Amino acid sequence: MTIHEVEVDLGERAYAVRIGPGVRRTLPEVVAGLGARRVAVVTARPPEWTPDPGVDSMVIPAKDGERDKTLSWVEELCRRFAAFGLTRSDAVVSCGGGTTTDAVGLAAALYHRGVPVVHLPTSLLAQVDASVGGKTAVNLPEGKNLVGAYWQPAAVLCDTDHLRTLPRREVINGYGEIARCHFIGAGDLRGLSLAEQIAASVALKASIVAADERDADRRHVLNYGHTLGHALERATGFRLRHGEGVAVGTVFAGRLAGRLGRIDAARVDEHHEVVAGYGLPTRLPAGVTADELVALMRLDKKRRTGDGLTFVLDGPDGVELVPEVPVPVVASVLAAMPREGG
């Protein structure tokens with residue numbers, strides 16, 4: 001069976017992302033390479049899907065979901081690490097979806113001002129995106145991912161066997177991040193196997209992160225579809241999942257770019273075709289108003305100081321950050337979007 005390996009080239013902090021069946025079983029090898037004598041394993045998965053790290057360990061059941069991705073959960077994790085006697089020479093392992101890798105990654109970044117973390121992402125969404133690149137964050141009532149830190153993992157093990165345990169909707173949810181890769185440099189991945197799609201998506205992200213680790217320039221393209229996507233998550237009380245929100249946000253980004261004259265009608269249609277081709281939602285959810293979504297998008301981390309909104313949009317020179325998009329234009333494009341049940 002083929003194992004794909006992608007290097008995230010960050011000099012002394014470089015690490016490998018392994019993708020394929022059974023790679024979770026290489027965790028003891030990774031831990032031994034770190035020289036850790038103790039490991040705290042934070043897992044959202046049952047014991048049979050949580051590998052033994054091969055050293056003295058403590059298992060902490062994860063709170064795996066956007067509602068529990070909070071500073072209080074990070075504090076609880078750090079206190080559990082301290083009670084276990086974890087030192088800076090030890091390590092933390094996350095095993096779960098993107099909310100687990102986000103929160104555990106932040107706890108690892110903060111505890112003792114940084115301890116090594118190894119991610120075992122078990123959802124497609126986390127394998128494709130959340131576990132790679134070093135962004136860790138939790139939510140505030142005022143917005144998503146507003147408190148965080150950059151903390152690169154020591155390794156990422158994307159075991160595709162985990163994906164066989166997921167409900168269908170969770171697999172489709174992960175395709176939201178793969179679909180947006182179509183427009184930011186990965187090309188058309190629809191004809192590839194799932195493992196190849198994951199590897200191609202990770203390779204694209206790795207190349208972008210290596211060039212711009214801290215969002216100073218190129219890395220903003222990874223937020224394609226996310227400005228509206230994050231707003232939709234919050235507006236629906238996270239009933240709409242992250243990848244689903246990004247999918248709708250990607251369709252919207254195509255429509256907005258078309259309205260601004262940045263792309264032609266065929267490229268606008270391509271956004272819908274690609275997203276729908278992965279079985280993802282393309283319509284706005286019912287019961288969410290344009291005014292509500294605009295208010296939530298004003299909280300986006302990319303937004304600058306003017307009156308307009310900031311989006312990552314396709315255009316004649318490729319995907320780029322476009323500030324100061326007039327609110328009336330955004331609201332008009334939202335009003336023209338099809339809705340569920342419409």
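Let's start at E233. Leaving aside neighbours within four places in sequence, E233 is in contact with E66, K144, F238, L240, R241 and H242. Keep in mind that this is a predicted model.

Where does E233 sit? It lies in helix α7. Is E233 buried or exposed? Buried: its relative accessible area is 1%, and the cut-off for buried is under 20%. Now look at H242, one of the residues in that contact list. The side chains of E233 and H242 are joined by a polar contact of 2.9 Å.

Next, the sheet. It is open, and it has 7 strands. Reading across, the order is β1-β2-β9-β6-β5-β3-β4. The pairing is mixed. Which strands form the edges? They are β1, residues 4-8, and β4, residues 56-61. Each of these pairs on one side only. From one strand to the next, the twist averages 15 degrees.

Take one pair from that sheet. Strand β2, residues 15-20, runs parallel to strand β9, residues 155-159, over 4 bridges. Within this pairing, R18 stands opposite L157 in β9.

Now the helices on the sheet. Helix α1, residues 27-34, packs there. It touches β2, β3, β5, β6 and β9. The direction of α1 makes about 165 degrees with that of β6. Helix α3, residues 98-110, also packs on the sheet. What does α3 touch? β3, β5 and β6. Its direction makes about 165 degrees with that of β5.

Two backbone points next. Most residues other than glycine have a negative phi. N145 is not a glycine, yet its phi is positive, about 60 degrees. N145 belongs to strand β8, residues 143-150. At 16% relative accessibility, it counts as buried, because the limit is under 20%.

The second is D215. Again not a glycine, and again a positive phi, here about 65 degrees. Where is D215? In the loop between α6, residues 194-211, and α7, residues 226-235. D215 has a relative accessible area of 28%, so it is classed as partly exposed.

Last, the annotation. An unreviewed UniProt entry lists residues 62-172 as "domain: 3-dehydroquinate synthase N-terminal". How much of that stretch is helix, and how much strand? Over residues 62-172, the chain is 35% helix and 27% strand. The end C-alpha atoms of the stretch are 23 Å apart.

Conventions
Residues are numbered from 1 along each chain as its sequence is written. This is a predicted model: local features need pLDDT of at least 70, side-chain atom pairs count only at pLDDT 80 or more; totals for chains, interfaces and linings use all residues. Side-chain values use heavy atoms; hydrogens and water are left out. UniProt positions are given in the numbering used here, feature names are shortened, and annotations may be inferred rather than shown by experiment. Helices (H or I, at least four residues) and strands (E, at least two) are DSSP runs, numbered from the N terminus. Buried means under 20% relative accessible area, exposed over 50%, partly exposed in between (1.4 Å probe, protein chains only). A polar contact is a pair of N or O atoms within 3.5 Å; within protein, one must be able to donate a hydrogen and the other to accept it, and residues adjacent in sequence count only if both atoms are side-chain atoms. Contact means heavy atoms within 4.5 Å. Two strands pair if DSSP finds at least two bridges between them. Axes are lines fitted to C-alpha atoms, for helices over the stretch in contact, and angles run from 0 to 180 degrees between N-to-C directions.
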